[in-house]
Amino acid sequence: MKRYRKEKFEDLGLDTKSGNEGYRALNKDGSFNVKKENVAFFERINVFHSMVSMSWLRFFGVLALGYFLINIIFASLYLIIGTEHLTGIRGTTPLDQFTEAFFFSAQTVTTLGYGQVAPLNLAANMVAATESLLGLLMFALATGLMYGRFSKPFATIKYSSHAVMAPYRDINGFMFRVVNPKSNQLMEVEVNVTLSMKRDSESEARDFFSLELEREKVVFFPTMWTIVHPVGKESPLFNKTAQEIIEGDAEFIVMIKAFDESFSQTVYSKSSYKAEEIKWGEKFTYLTKRHGNGVAIDISQIDATYKAELNP
């Protein structure tokens, strides 16, 4: 087992002086717990990333809002030009005229055009032509964003909500479980676990240790994988009590890399465990059972544990 040293570049690119109590570099969902302040407005705009990473509900909400805003703007332009320059407008009140202009705009922006309403003068034709071009560009953009969302590779790896400190052979081990709940196949799965801990109770500096694992890589990942760090004499956790790890504000940062057979691309997954999320003296329940000529796994029981006395 390798010797653990406080190397200069073991911090993964995270801040080594964020030693305040309760600090967490990586959230459970894999997002970084970093807020960037005083960034110029145009420097922080990233429309494509925002659109492909937001939730589906919000994505369709943004598309619908944009669609209605465009139609409202062009309907207003038609009213400014005058509804007498549009054939087929039957409304007599401003609201009725705006409603008919709105739906004419919706037909124009989608290049649908039922033919009931049509522009008559040059100004109305220019606005309609501009709207048609804008509609083609906007729907092409929306199609690209939809494709980007569907084609974006990502690893849907499920982590156990807590880790355990359990007996492992004749010593103890820090353990957590992962599983791929989807039907896609992940190959050549590699895992890296880094321990971040305060240097001492008074200091704001943090030390980072790359933890030696029982197994750092598996070729296939069809079942549940219990990732184990043996707490031997060379481990930074050796002879540490639960209270000492909590006082050290420990965070176990996990990164998993795998090759997704469906996308033929490398995908990544990240998560972390704080010291308070470790169950001491418990061991994960074995969940694999026979099913026909294969095996079955109850993924809903990924957090199931039972009491197990730690080795001295």
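Over the ring of which residue does the charged end of R149 sit? In this predicted model, the answer is W56, with the charged end of R149 placed 4.1 Å from the centre of that ring. R149 also lies over the face of F59, this time at 4.7 Å from the ring centre. Both of these rings belong to one aromatic cluster, made up of W56, F59, F60 and F150. So much for R149 and its surroundings.

Aromatic contacts turn up elsewhere too: searching the whole structure gives twelve aromatic pairs. One of them joins F102 and F103, whose ring centres are 5.5 Å apart. The planes of F102 and F103 make an angle of 85 degrees, which is over 60, so the pair goes down as edge-to-face. As for solvent, F102 is buried, at a relative accessible area of 14%, while F103 comes out as partly exposed, at 48%.

F221 and W225 make another edge-to-face pair, with 6.3 Å between the ring centres and 70 degrees between the planes. That distance still falls within the 6.5 Å cut-off, so the two rings count as a pair. Here F221 is buried, with just 4% relative accessibility, and W225 is buried as well, with a relative accessible area of 8%. Both values are under 20%, and that is why each residue gets the label buried.

Note on methods
Residues numbered from 1 in each chain as written. Predicted model: local features only at pLDDT ≥ 70, side-chain atom pairs only at ≥ 80, totals over all residues. Heavy atoms only, no water. Phe/Tyr/Trp six-rings, centres within 6.5 Å; stacked < 30°, edge-to-face > 60°. Buried < 20%, exposed > 50% of the residue type's maximum accessible area, 1.4 Å probe, protein only. Lys NZ or Arg CZ within 6 Å of the ring centre and 35° of its normal.
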